[in-house]
Amino acid sequence: MVFMRHGCGHRIWLVYRWTGIRYRPEYRDEEEESPTAGEYITHCPTCGEFLSTDDLLAENTYLIEHAYLVAD
Ligand SMILES: [Zn+2]
């Protein structure tokens, strides 16, 4: 799991979850002020864009590999 920032600056928690076939990215809202704080989201609550790992910047790029640690 990794804390990321969307292109607009919204803070998002990223985790790759194993589906049995592949890893699927899941996003959780990490902005305390946000109405969906702590919930899993598919769109950025601030700018409304559909979330994609391409639009996220890691707060610490070293930690990206640890996003793969959580698997069901
Ligand atoms: Zn955004």
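Strands β1 and β2 are joined in the antiparallel sense by four bridges, where strands are DSSP runs of E of at least two residues, numbered from the N terminus, and two strands pair if DSSP finds at least two bridges between them. The model is a predicted one, in which local features need pLDDT of at least 70 and side-chain atom pairs count only at pLDDT 80 or more, whereas totals for chains, interfaces and linings use all residues. Residues are numbered from 1 along each chain as its sequence is written. Within the β1–β2 pair, Phe3 has Trp13 of β2 as its bridge partner. The two strands form a hairpin with four residues between them, and Gly9, in the turn, has a positive phi of about 105°.

On its other pairing, β1 is antiparallel to β5 over three bridges, with Arg5 opposite Leu57 of β5. Strand β2 (residues 11–18) is also joined to β3 (residues 23–29), by seven bridges and again in an antiparallel arrangement. In this pair Trp18 stands opposite Tyr23 of β3. Taken together, five strands make an open sheet with antiparallel pairing, in the order β4-β3-β2-β1-β5. Strands β4 (40–41) and β5 (56–58) are at the edges and have a single partner strand each, so one side of each is left without a neighbour in the sheet. The protein contains zero helices, and its elements run β-β-β-β-β from the N terminus on.

Burial was assigned from C-beta atoms placed from the backbone: a residue is buried if 20 or more other C-beta atoms lie within 10 Å of its own, exposed if 12 or fewer, and partly exposed in between. By this criterion 17% of the 72 residues of the protein count as buried. Side chains alternate along β1 (residues 2–6). Val2, Met4 and His6 point to one face and are buried, while Phe3 and Arg5 point to the other and are not. Val2 is buried because 21 other C-beta atoms lie within 10 Å. The C-alpha atoms of Val2 and Leu14 are separated by 5.2 Å, although these residues are twelve apart along the chain.

Val2 and Leu14 both belong to the largest nonpolar core, which has six residues and also includes Met4, Ile12, Tyr27 and Leu56. Such a core is a set of buried Ala, Val, Leu, Ile, Met, Phe, Trp, Tyr and Cys residues joined through C-beta atoms within 7 Å. At least two residues of this core come from each of β1 and β2.

Tyr40 is located in strand β4. Tyr40 counts as exposed because it has 11 C-beta neighbours inside 10 Å. Leaving aside neighbours within four places in sequence, Tyr40 is in contact with Glu26, Tyr27 and Arg28, a contact being two residues whose C-beta atoms, placed from the backbone, lie within 7 Å. Tyr40 and Asp29 are eleven residues apart in sequence, and the C-alpha to C-alpha distance is 6.3 Å. Across the protein, residues 24 or more positions apart account for 44% of the contacts with a separation of 6 or more.

The mean pLDDT (the predictor's confidence in each residue, from 0 to 100) is 85 for the protein, and 81% of its residues reach 70 or more. Among the elements, the highest mean pLDDT is that of β4 (96) and the lowest that of β5 (84). Where pLDDT is low, the predicted coordinates should not be read in detail.
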